[in-house]
Amino acid sequence: MLDLAELACVLQPARLRVLVHPWLQELYALTRSVVQLNVLRGDFVVTADSLCGHESVALALRLVERSHAANTVSGRTLLAYSARFSPPSMSNRRGRQRTSKLSLEIEGIRRRGFGVGRETGNESIHTVAAPVLDENLQAVAVISVSSPHGEVVSHVATTVRVAAHAASAHLASTVSDC
């Protein structure tokens, strides 16, 4: 029962939005790019919160609010830190196992601590996403910053990771208060 109470306490998207929103605001102030909080629902990544300004409204409208997780940087980052992700099994013509492109990307995300890349189906959008983790180091959400410019990768990755880490610590302390 305590485990269920903790899940109800933190994982509700409305509660998650309230708890993480200050970090989204800080990231927007620093980047002036589209900042989102995304969660995994089944096989899909869903936007729980989004911030943008006048200059980034057009970009925000091009970002899909619900998409198959494997098709977005945020979704792949969520999968990388999800206990239920199991890499697809692939074999070559000789029956030998080979690693899928998705599995290789997931490994890279785990190694770096963040996802980075262009959005599938919208190659002009560059996104950096970092996981918001629970006490078991499982992703409950990701914080992402998207921009139509490649520089989002070079100067924002560390900032996004720091914000996600701080939000994770805040969530952990909030769970203990529930």
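Let me begin with one residue, arginine 76, which counts as buried because its relative accessibility is 6%, and the cut-off for that word is under 20%. Please keep in mind throughout that what we have in front of us is a predicted model.

Where does arginine 76 lie? Arginine 76 is found in helix α4, which covers residues 73-80. If we set aside residues up to four places away in sequence, arginine 76 touches Ala69, Ala70 and Asn71, then Leu102, Glu105, Ile106 and Ile109, and finally Arg118 and Thr120.

Of these neighbours, I would like to dwell on glutamate 105. Arginine 76 forms a salt bridge with glutamate 105, and the closest N and O atoms of the two are 2.8 Å apart. This pair links distant parts of the chain, since arginine 76 belongs to helix α4 and glutamate 105 to helix α5, with their positions 29 residues apart in the sequence. As general background, side chains of opposite charge can pair when their charged atoms come close. How many salt bridges does the structure hold? The count is 1 salt bridge. The two partners are not equally covered: glutamate 105 has a relative accessible area of 25% and is therefore partly exposed, whereas arginine 76, at 6%, is buried.

Let us move along to threonine 77, which also has its place in helix α4. Is threonine 77 buried or exposed? Its relative accessibility is 0%, so threonine 77 counts as buried. The side chain of threonine 77 reaches back to the backbone oxygen of valine 73, at 2.8 Å. Leaving out residues up to four places away in sequence, threonine 77 touches Ile109 and Gly115, together with Ala129, Ala130, Pro131 and Val142. There is also a pairing of positions to look at here, because the C-alpha atoms of threonine 77 and phenylalanine 114 are separated by 6.7 Å although the two residues are 37 residues apart along the chain.

With those two residues in view, we can turn to the helix as a whole. Helix α4 is largely enclosed by the rest of the structure, because 8 of its 8 residues are buried. Those buried residues are Val73, Ser74, Gly75, Arg76, Thr77, Leu78, Leu79 and Ala80. What covers them? The cover includes the strands β1 (34-41), β2 (44-51), β6 (115-119), β7 (122-133) and β8 (139-147), and it also includes the helix α5 (101-112).

Phenylalanine 114, which I mentioned a moment ago, has a charged neighbour of its own. The charged end of arginine 112 sits over the ring of phenylalanine 114, at 5.4 Å from the centre of that ring. As for pairs between aromatic rings, the structure holds 0 of them.

I will finish with two loop residues and their backbone angles. Arginine 32 is found in the loop between α2 (13-31) and β1, and although arginine 32 is not a glycine, it has a positive phi of about 55 degrees. With a relative accessible area of 46%, arginine 32 is partly exposed. Leucine 137, for its part, is found in the loop between β7 and β8, and leucine 137 likewise has a positive phi, of about 60 degrees, without being a glycine. Here the relative accessible area is 57%, so leucine 137 counts as exposed, the cut-off for that word being over 50%.

Conventions. Residues are numbered from 1 along each chain as its sequence is written. This is a predicted model: local features need pLDDT of at least 70, side-chain atom pairs count only at pLDDT 80 or more; totals for chains, interfaces and linings use all residues. Side-chain values use heavy atoms; hydrogens and water are left out. Helices (H or I, at least four residues) and strands (E, at least two) are DSSP runs, numbered from the N terminus. Buried means under 20% relative accessible area, exposed over 50%, partly exposed in between (1.4 Å probe, protein chains only). Contact means heavy atoms within 4.5 Å. A polar contact is a pair of N or O atoms within 3.5 Å; within protein, one must be able to donate a hydrogen and the other to accept it, and residues adjacent in sequence count only if both atoms are side-chain atoms. A salt bridge is a side-chain nitrogen of Lys or Arg within 4 Å of a carboxyl oxygen of Asp or Glu. Rings of Phe, Tyr and Trp (its six-membered ring) pair if their centres lie within 6.5 Å; planes under 30 degrees apart count as stacked, over 60 as edge-to-face and the rest as tilted. A charge sits over a ring if NZ of Lys or CZ of Arg is within 6 Å of the ring centre and within 35 degrees of the ring normal.
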